[in-house]
Each structure stands twice: as C-alpha cells, then as structure tokens.
Amino acid sequence: MVLEKLSGSLKSTLQKIAKSLFVDEKLINELVKDIQRALLHADANVKLVFDLTEKIKKRALNEEAKGLTKKEQIISIVYEELVNFLGKEQHKIDIRQKPFKIMLVGLFGSGKTTTAGKLAKFYAKRGFKIALIGLDIHRPAAMEQIEQVGKNANVKVFSDKKNKDPVEIWSNSKDEYKDYDILIIDTAGRDALSHDLIMEIEEVNKAIQPDENLLVISADIGQAAQKQAEQFHKSCGITGVIVSKMDGTAKGGGALTACAVSGAPIKFIGVGEKVDDLEQFNPQGFVGRLLGMGNKSGGCRGPRQEISERRV
Ligand SMILES: Nc1nc2c(ncn2[C@@H]2O[C@H](COP(=O)(O)OP(=O)(O)O)[C@@H](O)[C@H]2O)c(=O)[nH]1
Ligand SMILES: [Mg+2]
C-alpha cells in the first residue's frame with residue numbers, strides 16, 4: 001500500500017492505546033508525540049501537525065466518551081481529525097455534459113501524460129466514450145507517448161506531431177469531439193511555473209474552456225505541494241489536484257495535507273506507473289486504510305468503492 005511507513009507508525013500508536021491498561025494524560029501525551037513524529041516523517045508541515053495534535057489532545061481530554069470506551073473514543077477522535085486533516089469530504093467529478101472536458105496541467109515530469117491514460121481507462125471502464133488530446137508541443141516524443149498511452153487504455157487519441165500551436169491542434173479536430181463523452185486534454189509542462197507556461201495554459205484554457213482543470217502534482221515534493229497548488233490556482237484557476245507517484249515516496253502524506261490546506265480538492269491519487277494505478281481520493285477510506293480499519297471495523301469506515309457515477 002502507499003505510505004506504508006506512516007501507516008505502520010500510526011497503527012502501532014493506536015495499538016499502544018488499545019493495549020494500555022487505562023487512559024490518562026500521560027498516555028494521551030504519548031499518543032500526540034507519536035502522531036507528530038509519524039506525520040513529520042511523512043513531510044507534513046510542522047504547524048499543521050501541531051494544530052492537528054493539539055485538537056486531538058483537547059478532544060481526548062475534554063470530550064465525553066458517549067457510549068464508547070475511552071480507548072475507542074480516542075481512536076475515533078484520531079480517525080476523525082486525520083480525515084479532516086486530509087480535506088474531510090470526497091470531491092467527485094460530476095460528468096455533467098457531453099463532451100465533458102478534463103484538462104491536465106502541471107510541471108514537466110509530474111505525471112500528466114501517464115495520468116491522462118489512467119483517467120481514460122478509469123472512465124472507459126465506467127462506460128464512457130473517451131478521447132485523449134495531446135497538446136504537449138514542446139517535449140520531443142510527447143506525441144508518441146500520448147499515442148502509446150491511448151493504445152494502452154484502448155481509447156482514441158487526437159494529436160499532431162508537426163503542429164507547434166496547441167490551440168490549433170485542439171481546433172483542428174473540433175468537429176469530432178461531439179462523438180465522445182469525455183475529452184482528456186494533456187498539456188505541456190515546464191521545469192517551474194514560468195511566464196511562458198502560464199501564457200500557454202491561459203491560451204489553451206481560453207480555447208478549450210475545460211469543465212475540470214486538474215493540476216497533477218508529484219507526491220515526492222511533499223509539503224512544497226501547497227505552494228505549487230496555490231501558484232497554479234492563482235495563474236490558471238485549477239478545479240482540483242491529482243497527486244501522482246504516491247507509491248514511490250514517503251513524503252506523500254505531506255503532499256496530501258499540503259493540498260488540503262491550499263483549498264484545492266484532491267480528486268485522484270496516482271499509485272503506480274501502470275494504466276490501472278489510479279484511485280479516486282476519499283479521505284475517509286484513505287485514513288481508514290492508513291489506520292488499518294478497512295472494512296473489518298463494520299464497513300462504515302472502510303474504503304467505499306464508488307460506483308454511483310457508473311453509467312447505466
Ligand atoms: N511510480 C509512479 N510513477 C509515475 C506515476 N505517474 C507517473 N509516473 C512516472 O513519472 C514519469 C513522468 O511521467 P509523465 O506522465 O511523462 O509526466 P509529464 O511530463 O507530466 O507528462 C514517468 O516515468 C511515469 O512513468 C505514479 O503514480 N507512480
Ligand atoms: Mg507529458
């Protein structure tokens with residue numbers, strides 16, 4: 001699973017509570033220290049972590065257990081506050097009309113093209129007809145990559161190896177878009193959010209008017225994700241974030257919390273290089289798995305597989 005180390009530390013902390021003879025302030029202080037250590041190792045922001053653990057401590061000391069044992073109550077407080085920490089609610093994409101346009105933006109190497117293929121597969125599996133549109137005109141071999149990605153996901157790709165104008169590439173196939181339910185648009189990135197990149201995204205944005213403008217962020221940048229999400233939001237109005245490469249780094253916890261605090265809802269996470277390695281992000285299910293609650297604890301807190309958006 002992703003964030004294995006964080007999960008291991010949090011689980012053993014909760015086990016410590018479960019195994020203790022009685023709950024007192026000393027144990028709660030220990031719990032708080034353990035959680036702080038675990039989250040700081042995952043590169044979560046120090047201030048955010050201290051705010052979180054302060055809340056946990058206050059609630060654990062002051063709230064009544066109401067039908068639960070004190071230990072159960074504390075475990076439930078940790079769960080609830082971690083869910084809040086990661087954005088609280090799930091933010092699903094509502095495919096509102098046809099063709100629904102999802103554009104991916106982000107820095108070079110963040111995982112846009114790979115994620116475009118994963119999204120294509122994700123929605124194709126749910127019965128939508130998908131086309132990928134390759135607008136990365138800068139990176140050599142970008143068009144071959146998107147074609148390969150489209151082949152793996154078994155969907156149509158619109159691209160143009162010779163054209164250097166992304167707006168033109170988009171416009172040239174416009175008549176054909178009405179045949180698709182969802183268009184997934186892959187754009188170019190740069191090494192940093194530069195004036196050139198902003199200008200290009202703005203132009204593409206104006207021409208396409210995407211329904212969802214999703215920023216792809218690599219989890220390995222940890223808490224720096226906050227600044228990146230805020231910068232992209234300011235310059236090109238993102239509607240959400242996809243945190244990629246959650247499988248390859250211990251810093252993913254920091255990236256997730258940083259996005260949550262930036263106010264940009266995390267809609268998906270990438271958990272591997274393959275076309276199926278994408279999950280809708282649901283803070284409740286995610287924290288449930290992190291703490292090892294899964295479906296075993298009665299189901300209500302486990303990962304809930306979303307099938308409600310499945311096409312009938
Ligand atoms: N391990 C892992 N690698 C990923 C993930 N998403 C993308 N990558 C890899 O990251 C690299 C850059 O991805 P790419 O899609 O080309 O990034 P782009 O420049 O933003 O289009 C490639 O080697 C991908 O295989 C992920 O979720 N997990
Ligand atoms: Mg790319």
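**Exercise 1. Burial and overall dimensions**

Determine what share of the 312 residues in the chain is buried, and explain why the radius of gyration agrees or disagrees with that of a compact globule.

*Solution.* Step 1: in this predicted model, buried residues account for 47% of the 312 residues in the chain. Step 2: a compact globule with 312 residues would have a radius of gyration near 20 Å, and the chain has 21 Å, so the value agrees. Step 3: the C-alpha trace spans about 70 × 45 × 25 Å along its principal axes. Step 4: of the contacts between residues at least 6 apart in sequence, 76% join residues at least 24 apart. Step 5: in secondary structure, the chain has 11 helices and 8 strands.

**Exercise 2. Confidence**

State the average pLDDT of the chain and identify the stretch where the pLDDT is below 50.

*Solution.* Step 1: the average pLDDT is 92, and 94% of the residues score at least 70. Step 2: the pLDDT is below 50 over residues 295-312, a stretch that has 26 contacts in the model beyond near neighbours in sequence. Step 3: predicted coordinates should not be read in detail where pLDDT is low.

**Exercise 3. Two domains**

Describe how domain 1 and domain 2 are placed and which elements form the side of domain 1 that touches domain 2.

*Solution.* Step 1: the domain assignment gives domain 1 as 4-85 and domain 2 as 100-283. Step 2: their C-alpha centres lie 35 Å apart. Step 3: contacts involve 11 residues of domain 1 and 12 residues of domain 2. Step 4: on the side of domain 1 that touches domain 2, the elements giving two or more residues are helix 1 (4-19), helix 2 (25-41) and helix 4 (70-85). Step 5: by class, that side of domain 1 comprises 7 nonpolar, 2 polar and 2 charged residues.

**Exercise 4. The shell around ligand 1**

Establish how many residues surround ligand 1 and which helix gives the most to the shell.

*Solution.* Step 1: ligand 1 is surrounded by 19 residues, the closest being G111, K112, T113, T114 and G270. Step 2: helix 5 (residues 112-125) gives the most to this shell, with 3 residues. Step 3: the shell divides into 11 polar, 5 charged and 3 nonpolar residues.

**Exercise 5. An enclosed helix**

Explain why helix 10 (residues 252-262) is described as largely enclosed.

*Solution.* Step 1: the buried residues of helix 10 include G252, L256, C259 and S262. Step 2: because 11 of the 11 residues of helix 10 are buried, the helix is largely enclosed by the rest of the structure. Step 3: just after helix 10, G263 adopts a positive phi of about 90°.

**Exercise 6. Backbone exceptions**

Locate the cis peptide bond from K98 to P99, and decide whether L3 and Q209 are buried or exposed.

*Solution.* Step 1: most residues other than glycine have a negative phi, and most peptide bonds are trans. Step 2: the K98 to P99 bond is cis, with omega near -10°, and P99 lies in the loop between helix 4 and strand 1 (100-105). Step 3: L3, in the segment before helix 1, has a positive phi near 55°. With 23 C-beta neighbours inside 10 Å, L3 reaches the cut-off of 20 or more and is therefore buried. Step 4: Q209 has a positive phi of about 50° and is placed in the loop between helix 8 (195-208) and strand 5 (212-218). With 10 other C-beta atoms within 10 Å, Q209 meets the limit of 12 or fewer and is therefore exposed.

Key. Residues numbered from 1 in each chain as written. Chains lettered and ligands numbered in written order. Predicted model: local features only at pLDDT ≥ 70, side-chain atom pairs only at ≥ 80, totals over all residues. Near = placed C-beta within 6 Å. Helix = DSSP H or I, 4+ residues; strand = E, 2+ residues; numbered from the N terminus. Nonpolar A, V, L, I, M, F, W, Y, C, P; charged D, E, K, R; others polar. pLDDT = per-residue confidence, 0-100. Contact = placed C-beta atoms within 7 Å. Rg over C-alpha atoms; globule rule 2.2 N^0.38 Å. Domains from an automatic or database assignment.
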